[in-house]
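Here is a model to go through by question and answer. Each answer sets a value against its definition.

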Amino acid sequence: MNQRNGLVFFLVFLLSCIFLCNPAAVWANDTVTLQVIGDDDRGIMLEETKISFEKGDTALSILLRKFGKEKVIVRGGLSHGYVEEVDGLWAGQRGPLSGWMYEVNGKNPDVDAGSTKLKPGDKLIWEYVRR
């Protein structure tokens, strides 16, 4: 076996070992992490969960994919709107300034969730806030 073939064999072997021993490490970048935090009564509604990433995903599309249209009520349309309810917890239910906010990688975007494009590896948190 010449040196080039030996190197190719070694690289194929190494990549196979990485994939077989820890497949999550290979595919980790094809997901986003979602967490949903309710009010004081509901607490953590969804622990940190890996969600498959699809090209064009937004903060809103990930929430809808996980909970479904029947558990997420959006005013203004499913692509660009205000999230009024998640799994029975309504905006305004705990006071006139209570409702759903989101953050991506620790930052609160200043646009609606349907306009916030995500990328693989992002951490998305939806949180019910009372002001």
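Q: What makes the largest nonpolar core a core, and which of its 25 residues touch the most other members?
A: A nonpolar core is a set of buried Ala, Val, Leu, Ile, Met, Phe, Trp, Tyr and Cys residues joined through side-chain atoms within 4.5 Å. Buried means under 20% relative accessible area, exposed over 50%, partly exposed in between (1.4 Å probe, protein chains only). Here V36, V83, W100, L124 and W126 touch the most other members. This is a predicted model: local features need pLDDT of at least 70, side-chain atom pairs count only at pLDDT 80 or more, and totals for chains, interfaces and linings use all residues. Residues are numbered from 1 along each chain as its sequence is written, and side-chain values use heavy atoms, with hydrogens and water left out.

Q: Which elements give two or more residues to the largest nonpolar core?
A: They are strand 1 (31-37), strand 2 (44-52), helix 3 (59-67), strand 3, strand 4, strand 6 (99-104) and strand 7 (123-129). Helix 3 gives the most, with six residues. Helices (H or I, at least four residues) and strands (E, at least two) are DSSP runs, numbered from the N terminus.

Q: Which residues of helix 3 are buried, and what do they pack against?
A: A59, L60, I62, L63, L64 and F67 are the buried ones. They pack against strands 1, 2, 3, 4, 6 and 7. After the helix comes G68, with a positive phi near 90 degrees.

Q: What is L124 in contact with, leaving aside neighbours within four places in sequence?
A: Contact means heavy atoms within 4.5 Å. L124 has such contacts with T33, L34, Q35, A59, I62, Y102, E103, V104 and L118.

Q: Why does T31 count as buried?
A: Its relative accessibility is 15%, so T31 falls on the buried side of the cut-off. T31 sits in strand 1. Beyond four places in sequence, T31 contacts K50, I51, S52, F53, P120, G121 and D122.

Q: Why is T58 called buried?
A: T58 has a relative accessible area of 7%, so the term fits. T58 is in the loop between strand 2 and helix 3. Not counting residues up to four places away, T58 touches A113, G114, T116, K117 and L118.

Q: Why is G92 called partly exposed?
A: The relative accessible area of G92 is 38%, so G92 belongs in the class between buried and exposed. G92 lies in the loop between strand 5 and strand 6. Not counting residues up to four places away, G92 touches S98 and Y128. G92 and R130 are 38 residues apart in sequence and 8.7 Å apart in space, C-alpha to C-alpha.

Q: How do you know that strand 3 and strand 4 pair?
A: Two strands pair if DSSP finds at least two bridges between them. Four bridges join strand 3 to strand 4 (residues 82-86), so the pair qualifies. The two run antiparallel. V72 stands opposite V86, and I73 opposite E85.

Q: Which residues of strand 3 form the covered face, and which the uncovered one?
A: V72 and V74 are on the covered face of strand 3 (residues 72-75). I73 and R75 are on the uncovered one. In a regular strand the side chains alternate between the two faces of the sheet.

Q: What makes strand 3 and strand 5 edge strands?
A: The open sheet has three strands in the order 3-4-5, with antiparallel pairing. Strand 3 and strand 5 (89-90) each have a single partner strand, so one side of each is left without a neighbour in the sheet.
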